[in-house]
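Reader: Let us go through this structure together. Please take the overall fold, then the RNA surface.

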Amino acid sequence: MENKQIKNQAITRQEDDFAQWYTDVVKKAELMDYSSVKGFIIYRPYSYAIWEEIQNYLNKRFKETGHENVYMPTVIPTSLLQREKDHIEGFAPECLIANIGGGQQLDDPLIITPTSETLFCEHYQKIIKSYRDLPKLYNQWRSVVRWEKTTRPFLRGAEFLWQEGHTMHETEEEARTETLKMLEIYDDLGRDVLAIPFMKGRKTEKEKFAGALETYSIEALMPDGKALQSGTTHYFGQGFAKAFDIQFQGRDGKLENPYQTSWGVSTRLLGAIIMVHGDDNGLVLPPYVAPVQAVVIPVAQQKPGVIPAARELEKLLREAGIRVKLDESDKTPGWKFSEYEMKGVPIRVEIGPRDIENGVVTLAKRNTGEKISVKKEDMVETVKNLIPQIHKEMYEKAYKYLLEHVTEVKDLKELDKALEKGGYAKMMWCGDEACENKIKELTTATARCLPFNQMAFGDTCPVCGKKAKKVVLFAKAY
RNA sequence: CGGGAAGUAGCGCAGUUUGGUAGCGCGCUUGCUUCGGGAGCAAGAAGUCAUGGGUUCAAAUCCCAUCUUUCCGACCA
């Protein structure tokens, strides 16, 4: 009850310092811990369980669409990573390289994989001989290492977990279709699982992936007004295939290079979940990925009948397929309420002598704080219905915020104002990189994407005054 | 990589100015009483003072270097 006590447990308020709030939450909700090497974090069970739910959903979708999981080596010989020129230029600055093996200097030092395009290509060169070998639709779950200067838990690490799909196709059209299809699956993940609305679109030439012809991304908007690139898909054309001499004999008997894609999402999604939904009491987890969807808290648990009643509720919920946890520890109910709010558990189930006497159960929703009393026999059904309902409420809240933070701008003054407010400044653009660079110089905002909806609302570029060709979204970004 | 701040028990901190061998609150353990929004009493356990050097009879404290965290920039997912 004393202020000091509360202060010890509390987290920084979002409005006081959003960055500090984030740092407090990831630690206090037991999502991660720091290791002794900068940028390498420990994914604690509570965050890893969320990642596993993401994996479950994506694996299902990947397999439905014909993809197979594989596992590639952790190291890439330097000479191999150098095979594609743009690719190595993009990644060289952030490679971690091993020079010694078994006490001997290595002639061709080994790079700890920052991304696996080159490994897949080396393998594909061996196994793709005929159009009958296509498409090759491979995905792998792994961690990659990139030596980042500035690191933040989940948002940017020297090592992070991700999935990377790498596919090879007979035709350009098929590869382009794949690139967009996987972007849609990522968008579905946000809408149906994470309760995060993404802004989808194509990256500008400046922002695209090293070695890609086209890059598409999903961008999530954080409450501090900054965008977070949350996943990308790439169309490579035949660039890598030519560099790696991958050829197949086509239906007409001629040798051709296949068309390639890659796509990935990472544990950065955890950062998006934390920021998009969290509040001053801690995490608010979307119910479909919450490791614990409902927590049962007995009140006055030493009184006869309370613990048995709580255990029965736990059993009923478990049997109904809800991820449920019963907390029988001898902490007070108030302590438990705060604890599971901090950890973002979507539904709290309270059961005490009063409830038992009345034949009811008290439910509380984490996202709204709303408390409801239901008859005991209706509890399971109510909880089952609350899960999609809470998901929907969380998605709609985030979607409303997104819509309110897309501002059409006609000149640089409006652009400034829009960025000041936070979110996306939607602008007509001539397409010149010079104008893109100018905006970055003036505002630090970058082009997030050319949205798929290219409905023009003007015809001049606010930077140079020339004829505008495209709609582009600028925002400050993580 | 540049500029600030920090590192002492699991967490939050005091002690550093003025060197003398480490303390407070919470948490943890045990017992009893409690329990509808972070409980009370009592008795306990727990710290290579980030790391490595140096100065000194003596270093958490002074000096040098390094590592890590954090905030703000630059760069990149």
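**Fold and RNA surface**

Author: In chain A, 68% of the contacts with a separation of 6 or more join residues 24 or more positions apart. The model is predicted.

Reader: How many helices and strands does chain A have?

Author: Chain A holds both kinds of element. The count is 15 helices and 23 strands.

Reader: What is the radius of gyration of chain A?

Author: The globule rule gives 23 Å for 478 residues. The chain is close to that, so it is as compact as a globular protein of that length. Its C-alpha atoms fill a box of roughly 80 × 60 × 50 Å along the principal axes. The radius of gyration is 25 Å.

Reader: Is helix α9 largely enclosed or exposed?

Author: Across chain A, 42% of the 478 residues count as buried. In α9, the buried residues include Arg268, Leu270, Ile274 and His277. In fact 10 of the 10 residues in 268-277 are buried, so the helix is largely enclosed.

Reader: Which element gives the largest share of the surface near RNA strand B?

Author: Of the 52 residues around the strand, Gln302, Gly334, Glu350, Gly352 and Arg354 come nearest. The elements giving two or more residues are α1 (3-9), α2 (18-28), α11 (333-342), α12 (353-358) and β18 (360-365). The largest share, eight residues, comes from α11.

Reader: How many charged residues does the surface near RNA strand B have?

Author: Split that surface by class. There are 16 nonpolar and 21 polar residues. The charged residues number 15.

Methods:
Residues numbered from 1 in each chain as written. Chains lettered and ligands numbered in written order. Predicted model: local features only at pLDDT ≥ 70, side-chain atom pairs only at ≥ 80, totals over all residues. Near = placed C-beta within 6 Å. Helix = DSSP H or I, 4+ residues; strand = E, 2+ residues; numbered from the N terminus. Nonpolar A, V, L, I, M, F, W, Y, C, P; charged D, E, K, R; others polar. Buried ≥ 20, exposed ≤ 12 C-beta atoms within 10 Å, placed from the backbone. Rg over C-alpha atoms; globule rule 2.2 N^0.38 Å. Contact = placed C-beta atoms within 7 Å.
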